[in-house]
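Please examine the structure shown below, together with its sequence. The paragraphs after it proceed from the interior of the protein to its metal site and its pocket.

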Amino acid sequence: MRIIGPDELVFGVDDIAACHDFLTDYGLIAGADGRYEALDGTAITIRERSDDTLPPPLRTASMLRQTIWGVEDQATLDAIEAELSTDRTVTRHADGTLTCIDDCGFEIAFRITRRRKLNLPAEMINSPGAAPGRAPNVIGANEDAEARPRTLSHIVYFTPDMEAMSKFYIQRLGFVVTDRFTNTGPFLRPQANLDHHVLFMIQTPEYMQGLEHLAFHMQGPTELMLAGSRMVKKGYESFWGPGRHKFGSNWFWYFNSPLATHVEYDADMDLHDGDWTERETAMSAEASQMFLFENVDKWSPGGGPPSDG
Ligand SMILES: [Fe+2]
């Protein structure tokens, strides 16, 4: 099934103003109707928790109300409708979107993707022995550079039944396992996306069910560090990072958010195709990151020891 990835995540929140500030400071572009878009049109949508146009909430503290998956074409939508209608109600809406509930009680939707094709430069570096990434006189350290999330990358669910949930996405929707931590995950990519993962899950008690984090792809490690540093400067709380994961190789920096989920910047994720053989290892701090940094105040040699700020 030609599913591409998460197109949009819909939340019912308590504090619209705080969420607006967070999402715009994070770099998303505020549009109409509570939508906050990345450069390709993938988005977070926020509404009041009490908004009765939203799908029903989970019976937990999670504010996530719906995950909307983008698919390649109508044939994929038809195939999803035929497959999932065999054992649940699938509603086809006027705009063609399909909605239903997955095997763990999450509200999900499918539509032909609304993401726009991006044509943007990668982060360019100069590396001895290789042709220059940047021409002479093109500066790499631009503190005023815009840092905008390019596309919605992946989501991680807290689920009470990891086994049932992963089976649903693999067996019913054709997701492919790239790697797995023993008894956690697996890392999954859909068939129309080579990213190492768009979906991961962590087994939790039922009362914790919800969205553990969401992530958007940035241009590269430098833009990720610039964007994350700006978030810290604005007073947002870093949750984990910056660092680099092992599985997926993506650089990461996670922040606490008023959407009751962690929100991550990521950059430079591995791509995989059908030739890949999945890896498996026990979950540990060592396995989940290659390295982890801590952000500290700026200082300069000659300006006093770092502890003096
Ligand atoms: Fe992540």
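In this predicted model, the largest nonpolar core comprises 58 residues, and those with the most contacts inside it are Phe11, Phe110 and Tyr169. The surroundings of Phe11 illustrate how this residue is placed. Setting aside residues up to four places away in sequence, Phe11 touches Ile44, Thr45, Ile46, Arg47, Leu54, Met63, Leu64, Arg65, Leu211, Leu214, Leu259 and Thr261. Another core, of six residues, lies apart from the largest one; among its members are Val156, Phe181, Phe200 and Ala287.

Tyr169 leads on to helix 3, which spans residues 162-172. The buried residues of this helix are Met162, Met165, Ser166, Phe168, Tyr169 and Arg172. They are covered by elements that include strand 5 (64-71), helix 2 (74-84), strand 8, strand 9, strand 11 (184-189) and strand 12 (199-203). Just after helix 3, Gly174 adopts a positive phi of about 75°.

Strand 9 also takes part in the metal site. Which residues of the protein act as donors to the iron ion? They are His154 and His213, each through NE2, and Glu264 through OE, lying 2.1 Å from the ion. Along the chain, the donors follow the spacing H-x58-H-x50-E. Distant parts of the chain are thereby linked: His154 belongs to strand 9 (residues 151-159) and Glu264 to strand 16 (residues 262-267), 110 residues apart. Are these two donors buried or exposed? Because its relative accessibility is 1%, His154 counts as buried. Glu264 is likewise buried, with a relative accessible area of 0%.

Arg115 lies in the loop that runs between strand 8 (107-112) and strand 9. Its side chain has a polar atom 3.3 Å from the backbone oxygen of Gly5, and a polar atom of the Arg115 side chain lies 2.9 Å from the backbone oxygen of Pro6. Leaving aside neighbours within four places in sequence, Arg115 is in contact with Ile4, Gly5, Pro6, Asp7, Asp40, Thr42 and Thr151.

Thr151 brings the reader to the pocket. The largest pocket has a volume of about 830 Å³. It is lined by 30 residues, of which Leu118, Arg150, Thr151, Asp195 and His217 are the closest to its centre. Strand 1 (3-13) and strand 9 each contribute at least two residues to this lining. Strand 9 thus recurs throughout this account: it holds the donor His154, it helps to cover the buried residues of helix 3, and it supplies part of the pocket lining.

Methods
Residues numbered from 1 in each chain as written. Predicted model: local features only at pLDDT ≥ 70, side-chain atom pairs only at ≥ 80, totals over all residues. Heavy atoms only, no water. Donors = N, O, S within 2.8 Å, 3.2 Å for Na, K, Ca; no water. Helix = DSSP H or I, 4+ residues; strand = E, 2+ residues; numbered from the N terminus. Buried < 20%, exposed > 50% of the residue type's maximum accessible area, 1.4 Å probe, protein only. Polar contact = N/O pair within 3.5 Å; in protein donor to acceptor, adjacent residues only side chain to side chain. Contact = heavy atoms within 4.5 Å. Core = buried A, V, L, I, M, F, W, Y, C linked by side-chain atoms within 4.5 Å. 1 Å grid on protein atoms, 1.4 Å probe; cavity = no way out; pocket = protein on both sides within 12 Å on 5 of 7 lines; lining within 4 Å. Points joined across faces, edges and corners; volume = space filled by probe spheres on them.
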